[in-house]
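Morning, everyone. Please take a look at the screen, and I'll walk you through the ligand site and then the salt bridges.

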Amino acid sequence: MAEDSDWMATATGAEAAGGGRPPSAELHPEIAHPARIYNALIGGKDNFAADRLVAAQLTAAVPEAAAGALANRAFLGRAVRTAAALGVRQFLDIGTGIPTAGNTHEVAQSVDPSARIAYVDNDPIVLAHARALMSGCGHGATSVTRADLRDTEAVLAAPGVRDLLDFSEPVALMLVAILHFVSDDEDPFGIVKRLLAALPTGSLLVLSHGSGDLVTPEQAELAERSYDPAAAGIHLRTRDDIARFFDGLTLLEPGLVTAPRWRPDTAPGPDADRLGIYTGVARL
Ligand SMILES: C[S@@+](CC[C@H](N)C(=O)[O-])C[C@H]1O[C@@H](n2cnc3c(N)ncnc32)[C@H](O)[C@@H]1O
């Protein structure tokens, strides 16, 4: 698989459990999904009315939500560039999202065309878009796997991950705007620990996470409730809780900060401290 130059969709047990149906057969436009809600927030066209409704309710609760999503996306690009500049050539990007400008493989392979990127997402629409984006184009080694972050064994054992990435060399584990879709009961801290345990020294953790710290408690509650109709709920965490994901690692400068403040290309705007997305990159 690793030598294949196109995106590949590789099935995990979860997908096989769908009876071998193609992912498109599982799309439910009437149920809002995190990938499409995010796409609506950042001004994309790959979303349905149900997704736009959640995005509108979220924005009504927290007017900075769309700016926060865009700032998060910009952080992703800067973090990948930073990782590549540090010599990391392998990326495990869990929670890929619907492809848009500045995807991880584009940024990493613009630095080094030999960079290898394994994308993982549990949403069939992400796979469908990823395939469409890449079909017939010449790209570096990139795979896309349908798997669930909460099943870390399945993620690490998936052929698109295991065959593409060399786990004896540094890997940038990217968990960008995904962990807030994992509830405390689902053990988000244990999930991150198990994934990090598979990586060698010199690897990086690239992480962003929604927080209610920067809005009123009422706004934070309304923001969480806006996801009630969606396929996955959102669980905003405090900055202190988000910092726990980095326990035992060395945070790169400037530490755990709101998205616009992480190594900005341009001076952060006046709303930089109101955007409720904390971001950080740490070294193992
Ligand atoms: C808000 S988007 C973030 C996309 C991209 N990482 C970014 O920051 O621009 C979250 C993505 O995580 C995916 N996702 C949510 N929960 C997941 C889970 N348990 N396992 C795998 N993917 C998940 C969603 O399908 C969606 O594509």
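Start with Arg73. An N or O atom in its side chain sits 2.8 Å from an oxygen atom of the ligand. Keep in mind that this is a predicted model. Asp121 makes a similar kind of approach: an N or O atom of its side chain is 2.6 Å from a ligand oxygen. Val176 uses its backbone instead. A polar backbone atom of Val176 lies 2.9 Å from a nitrogen atom of the ligand. How much of the ligand's accessible area does the protein cover? On its own, the ligand has 600 Å² of accessible area, and the protein covers 97% of that.

Now the whole shell. The ligand is surrounded by 20 residues. Arg73 and Asp121 are among the closest, and so are Tyr38, Gly95 and Leu149. What classes do the shell residues fall into? There are 10 nonpolar, 5 polar and 5 charged residues. Two helices to find on your screen are α2, residues 34-41, and α4, residues 65-85. Each supplies at least two residues of the shell. The largest share comes from α4, with 3 residues.

On to the salt bridges. Side chains of opposite charge can pair when their charged atoms come close. The count here is 11 salt bridges. Let me pick three.

First pair: Arg274 and Glu64. Their side chains meet at 3.5 Å, N to O. This pair links distant parts of the chain, 210 residues apart. Arg274 is in the loop between β8 and β9, and Glu64 is in the loop between α3 and α4. Arg274 counts as partly exposed, because its relative accessibility is 42%, and the partly exposed class runs between 20% and 50%.

Second pair: Arg162 and Asp163. Their salt bridge is also 3.5 Å, N to O. Arg162 is partly exposed at 46% relative accessible area. Asp163 is partly exposed too, at 34%.

Third pair: Arg237 and Asp184, at 2.9 Å, N to O. Arg237 lies in the loop between α10 and α11, and Asp184 in the loop between β5 and α9, so the pair ties together parts 53 residues apart in sequence. Are these two partners buried or exposed? Arg237 is buried, with a relative accessible area of 4%. Asp184 counts as exposed, at 57%.

One last thing to find. Asp148, Arg150 and Glu186 are joined into one network by salt bridges that share partners.

Note on methods. Residues numbered from 1 in each chain as written. Predicted model: local features only at pLDDT ≥ 70, side-chain atom pairs only at ≥ 80, totals over all residues. Heavy atoms only, no water. Near = heavy atom within 4 Å. Polar contact = N/O pair within 3.5 Å; in protein donor to acceptor, adjacent residues only side chain to side chain. Areas by Shrake-Rupley, 256 points an atom, 1.4 Å probe, with all protein chains shown as cover. Helix = DSSP H or I, 4+ residues; strand = E, 2+ residues; numbered from the N terminus. Nonpolar A, V, L, I, M, F, W, Y, C, P; charged D, E, K, R; others polar. Salt bridge = Lys/Arg side-chain N within 4 Å of Asp/Glu carboxyl O. Buried < 20%, exposed > 50% of the residue type's maximum accessible area, 1.4 Å probe, protein only.
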